[in-house]
Structure formats: structure tokens, C-alpha cells
Amino acid sequence: MWQDRDKGESGVQFPYRYRVMLVDDEEEVREGVREKVEWNRCGFELVAEASNGQEAWETAKTVAPDVVITDIRMPFMSGLELCQQISRSIAQKRNNATQLVAEEAKTYIQKHYSNPALSLESVCTHLHLSVSHFSTLFKQETGCGFVNYLTQVRLTQAAWLLDNTDSPVGEIAQQVGYSEPAYFSYVFKKRYGVSPMKYRYMKEKSEDGEG
């Protein structure tokens, strides 16, 4: 339950107070806005002020405001330039966060692809993300959906095992996360155009020819 300090003067409870930064090169204007706006009543908190765009940009990197109220014409950096700078920064942070999530997901897949139970839901549980949100950002970063990516990882490893080991096809299927060898053969042929057995045979024949 929220504490009383999270209540505005109207008695309304706010789960979160939006952090506001006020930017204007005229002190009188900032004072007028600061004094006239009922921040607490509206669910806002005035966390910082700045007298020009450049000062505001440096301050924003520290206080991370949710809302910026700014004048347009100011020395050093205009209000429009300030908003553009903040927007670019937010976009870059979101992009970095998306990349980190995708990399963590790929690492998790690489460690667990041999588990037949590995699924979109289990990865999302590990990452503490919703299925819809994760699916969108993962496809954005990898260019393909989760199932296709997992299949690529499994079949790439299966091809390597066929090339470099004498393990039976059924055993390789188990090692890359397919509990049913027949389904593994179907998926493998769909990608490589030949069955796992023929893939191995063609590889061995090719090597013999080179020798």
C-alpha cells in the first residue's frame, strides 16, 4: 500500500510521481511556474531547474526526468534542440537495452538448446519479460522469430555433429533437442534438402574424393 506521502492534496493516491525538470532562462518565469503549479496535487514532483538548454541537458543525465517543461529560445541550446537531444538519448538507451536482452536470450538458447522442453515461454520466464514484448524485440534484433532461431541453432549443431562425429542420427537428434528422430530428420531435410544420413554420406564422399 502506498504511503500517505504519495497522496496529493486532493487525497488521490499516485503509484508513481512523474519527475519534472523546469527549463527557462528567465528566473521570474521559472519561479512563476514553480509556485503556481500544484505539483503534488497532480502527481508530479519538481526535481530540477535549469537556466539554459545546455545546463538542462547535463542535469537531465543526472536526474533522469520524466517530463521536461522548457522554453524554446534560450542561450547555448534551444528548447527544441534540448528535446531532440533527450529523445536521441532515450532511443539509444532503448536500443542498447533491446540488444542486451537479445544477447542474453541467445546465450540462454545456446546453453539449453539440447533440452527438448526449451520454449519461448521458458526463455521469457528466465528474462522476466512478456511473450509478446520479447517476441517483438527478439525479431527486431535477429531478423527472425524465436522458433526459427532455435531451429537454426539446433540444426547448425546437428550438421557439425554429423560432420565431425560418428554418433548415430538418433543420438544426434537427442543431443540437439529433438526427442523424436523422425521429426528431426524431417526438419533437417527441410533446411538442408537431404536427410541427415544422406548429408553425412555426401560429406564423407566429398572428403574421400578430395583425398
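## Glu27 and the salt bridges around it

In this predicted model, Glu27 has a relative accessibility of 36% and therefore counts as partly exposed, since that class covers values between the 20% limit for buried residues and the 50% limit for exposed ones. Its side chain forms a salt bridge with Arg34, and the closest N and O atoms of this pair are 3.3 Å apart. Arg34 is likewise classed as partly exposed, with a relative accessibility of 24%.

A second pair is made by Glu38 and Arg41, which form a salt bridge with their closest N and O atoms 3.5 Å apart. Glu38 has a relative accessibility of 43% and counts as partly exposed, and Arg41, at 39%, also counts as partly exposed.

## A salt bridge within helix H4

Glu103 and Lys106 both belong to helix H4, which spans residues 79–112, and they stand 3 residues apart, or about one turn of the helix. Salt bridges that share partners also occur in this model, joining Glu27, Arg30, Arg34, Glu35 and Glu49 into one network. The side chains of Glu103 and Lys106 meet in a salt bridge of their own, with an N to O distance of 3.0 Å. Glu103 is partly exposed at 43% relative accessibility, and Lys106 is partly exposed with a relative accessible area of 24%.

Side chains of opposite charge can pair when their charged atoms come close. With a limit of 4 Å between a side-chain nitrogen of Lys or Arg and a carboxyl oxygen of Asp or Glu, the count comes to 8 salt bridges. The protein chain as a whole carries 24 positive and 30 negative side chains, and the centres of these two sets lie 8 Å apart.

## Two buried residues in helices

Ile172 is located in helix H8, which covers residues 169–175, and with a relative accessibility of 0% this residue counts as buried. When neighbours within four places in sequence are left aside, Ile172 is in contact with Ala158, Leu161, Leu162, Thr165, Ser167, Phe184 and Arg200. For one of these partners, Leu161, which is 11 residues away along the chain, the C-alpha atom is separated from that of Ile172 by 6.9 Å.

Thr59 lies in helix H3, residues 53–63, and has a relative accessibility of 19%; because residues under 20% are classed as buried, Thr59 falls into that class. Leaving aside its neighbours within four places in sequence, Thr59 is in contact with Met21 and Ala48.

## Positive phi angles in two loops

Most residues other than glycine have a negative phi. Ala64 is not a glycine, yet its phi is positive, at about 50 degrees. Ala64 is found in the loop between H3 and strand S3, the latter spanning residues 67–70, and at 47% relative accessibility Ala64 counts as partly exposed.

His128 also has a positive phi, in this case near 60 degrees, and is a residue other than glycine. The loop that holds His128 runs between helix H5 (120–127) and helix H6 (131–142). With a relative accessibility of 73%, His128 counts as exposed, because the class begins over 50%.

## The chain as a whole

The protein chain contains 10 helices and 3 strands. Read from the N terminus, these elements follow the order β-α-α-β-α-β-α-α-α-α-α-α-α. The radius of gyration of the protein chain is 28 Å, whereas a compact globule of 211 residues would have a value near 17 Å. Taken along the principal axes, the C-alpha atoms fill a box of roughly 85 × 45 × 20 Å.

Of the 211 residues in the protein chain, 32% are buried. The accessible surface comes to about 13,400 Å², and carbon and sulfur atoms account for 51% of that area. Among the contacts between residues at least 6 apart in sequence, 58% join residues at least 24 apart.

How values were computed: Residues numbered from 1 in each chain as written. Predicted model: local features only at pLDDT ≥ 70, side-chain atom pairs only at ≥ 80, totals over all residues. Heavy atoms only, no water. Helix = DSSP H or I, 4+ residues; strand = E, 2+ residues; numbered from the N terminus. Rg over C-alpha atoms; globule rule 2.2 N^0.38 Å. Buried < 20%, exposed > 50% of the residue type's maximum accessible area, 1.4 Å probe, protein only. Contact = heavy atoms within 4.5 Å. Areas by Shrake-Rupley, 256 points an atom, 1.4 Å probe, with all protein chains shown as cover. Lys, Arg positive; Asp, Glu negative; His and termini not counted. Charge placed at Lys NZ, Arg CZ, Asp CG, Glu CD.
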